[in-house]
Amino acid sequence: MTAAASQRLPLSVLIRTLNEGDRIGRTLESVAPLGAEMVVIDAGSTDDTVAIARARRAVVYENPWPGFGPQRHFGEEKCANDMIFSLDADEVLTAALVAEIKRAFAAGPAKLMTVRKASVFPGYDRPWPLSFCHEQVLIYDRRVARTGPNPNWDKLEIATSDKPIRLKNPLWHFSLRNLNHAVSKAVYVGQLAADTQPVRSSLGLTLRLIVEFPIAFCRYYFARRFCLAGGDGLVYAMVGAYSRWIRIALMRERARREGK
């Protein structure tokens, strides 16, 4: 066995893509020091996403977009390792997180590991001080955890009571390219929810229209500490609240159309 092979982790980093040519290179470069398999599931990019991924030694499979959960599940089947790191093309690993993951595997990997995500606003190259971090299981053994079939999200269905290892160093999440992308993404996700979730009462959704925006805004601006990011924090707290509100509005539109 070569020295390089002996340093490889028994881990597959799984990334879904669709026209991520402007971001996928940075993500794969941050993953490379792990020494893990890199698997990209592309949904039919028309830019240079696939070429960039292959140039950085990622294994690329193409699969028409079936929704968030099904696409991730498809990718899990393609990975060479049972341990999977579910990553997005807009997420970047820091050197500190790479080192922490390597230490965790050297100690004998758990079946589940949680990773913290720190949001980075457009125009910034790192999270703001005291940035809110969302924590979820992103590294998992596919023999005990698989992504569910819901097209709206990629929630894991976990079949073990084992407690996850909590990794302390966050990855950096460059979720939004700019304000226009943020608003477009909000409408896309809202329409997806309206099209795929069970139809709810139009009356109940009308009542939620009144409270959804202010409650969501307070959640983003105060609970998630967007207030610490100045004017940009205010703008993106508003967009986050709008994302929640437009989802309810689009679901109400469908309920009224179907007479609920």
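Begin with the whole chain in view: for 260 residues, a compact globule would have a radius of gyration near 18 Å, and the value for this protein, 19 Å, agrees with that. The model is a predicted one. Along the principal axes, the C-alpha atoms fill a box of roughly 65 × 40 × 40 Å. A cartoon representation shows eight helices and 11 strands. If the residues are coloured by accessibility, the buried ones amount to 48% of the 260.

**Stop 1: the loop between β1 and α2**

Select Asn19, which is placed in the loop between β1 and α2. Its phi is positive, at about 55°, although the residue is not a glycine. In general, most residues other than glycine have a negative phi. Asn19 counts as partly exposed, since its relative accessibility is 30%.

Next, select Asp22 together with Arg177. Their side chains meet in a salt bridge, with 2.7 Å from N to O. Asp22 belongs to the loop between β1 (12–17) and α2 (24–31), and Arg177 to the loop between β11 (171–173) and α6 (179–196), so this pair ties together parts that are 155 residues apart in sequence. Which of the terms buried, partly exposed or exposed applies to Arg177? With a relative accessible area of 32%, Arg177 is partly exposed. Asp22 counts as exposed, at 52% relative accessibility.

Extend the selection to Glu20, Arg23 and Asp90: these residues are linked with Asp22 and Arg177 in a network of salt bridges.

**Stop 2: a charge over a ring**

Display Arg26 and Phe174 as sticks. The charged end of Arg26 sits over the ring of Phe174, at 3.9 Å from the ring centre.

**Stop 3: further salt bridges**

In total, the structure holds 21 salt bridges. For another of them, select Lys117 and Glu91, whose side chains meet with an N to O distance of 2.6 Å. Lys117 lies in strand β6 (residues 112–119) and Glu91 in strand β5 (residues 91–92), so the contact ties together parts 26 residues apart in sequence. Are these two residues buried or exposed? Lys117 is buried, with a relative accessible area of 11%, and Glu91 also counts as buried, at 1% relative accessibility.

Then select Arg143 and Asp141, which form a salt bridge whose closest N and O atoms are 2.8 Å apart. Here Arg143 is exposed, with a relative accessible area of 59%, whereas Asp141 is buried, with a relative accessible area of 4%.

**Stop 4: the loop between β6 and β7**

Move to Leu130, in the loop between β6 and β7 (133–141). What is notable about the backbone of Leu130? Leu130 has a positive phi of about 65° although it is not a glycine. The residue is exposed, with a relative accessible area of 68%.

**Stop 5: the aromatic cluster**

Now select the aromatic side chains. A search of the whole structure finds nine aromatic pairs. One of them joins Tyr220 and Phe226: the ring centres are 5.6 Å apart and the planes make an angle of 55°, a tilted arrangement. Both Tyr220 and Phe226 are buried. Add Phe121, Trp128 and Tyr236 to the selection, and the view holds one aromatic cluster, formed by these residues with Tyr220 and Phe226.

**Stop 6: a surface patch**

Switch to a surface representation and select Leu203, Leu207, Ile210, Val211 and Ile215. Together they form a nonpolar patch on the surface, with about 510 Å² of accessible area. For a closer view, centre on Leu207, which lies in helix α7 (residues 202–223). Leu207 is exposed because its relative accessible area, 52%, is over the 50% cut-off.

**Stop 7: a distance across the model**

Finally, select Thr147, located in strand β8 (residues 145–147). Thr147 is buried, with a relative accessible area of 5%. From its C-alpha atom, draw a distance to the C-alpha atom of Tyr236: the two are separated by 29 Å and lie 89 residues apart along the chain. Tyr236 has already appeared as a member of the aromatic cluster, and the tour ends there.

Terms used
Residues numbered from 1 in each chain as written. Predicted model: local features only at pLDDT ≥ 70, side-chain atom pairs only at ≥ 80, totals over all residues. Heavy atoms only, no water. Patch = residues over 30% accessible without salt bridge, like charges linked within 9 Å, V, L, I, M, F, W, Y side chains within 5 Å. Areas by Shrake-Rupley, 256 points an atom, 1.4 Å probe, with all protein chains shown as cover. Salt bridge = Lys/Arg side-chain N within 4 Å of Asp/Glu carboxyl O. Helix = DSSP H or I, 4+ residues; strand = E, 2+ residues; numbered from the N terminus. Buried < 20%, exposed > 50% of the residue type's maximum accessible area, 1.4 Å probe, protein only. Phe/Tyr/Trp six-rings, centres within 6.5 Å; stacked < 30°, edge-to-face > 60°. Lys NZ or Arg CZ within 6 Å of the ring centre and 35° of its normal. Rg over C-alpha atoms; globule rule 2.2 N^0.38 Å.
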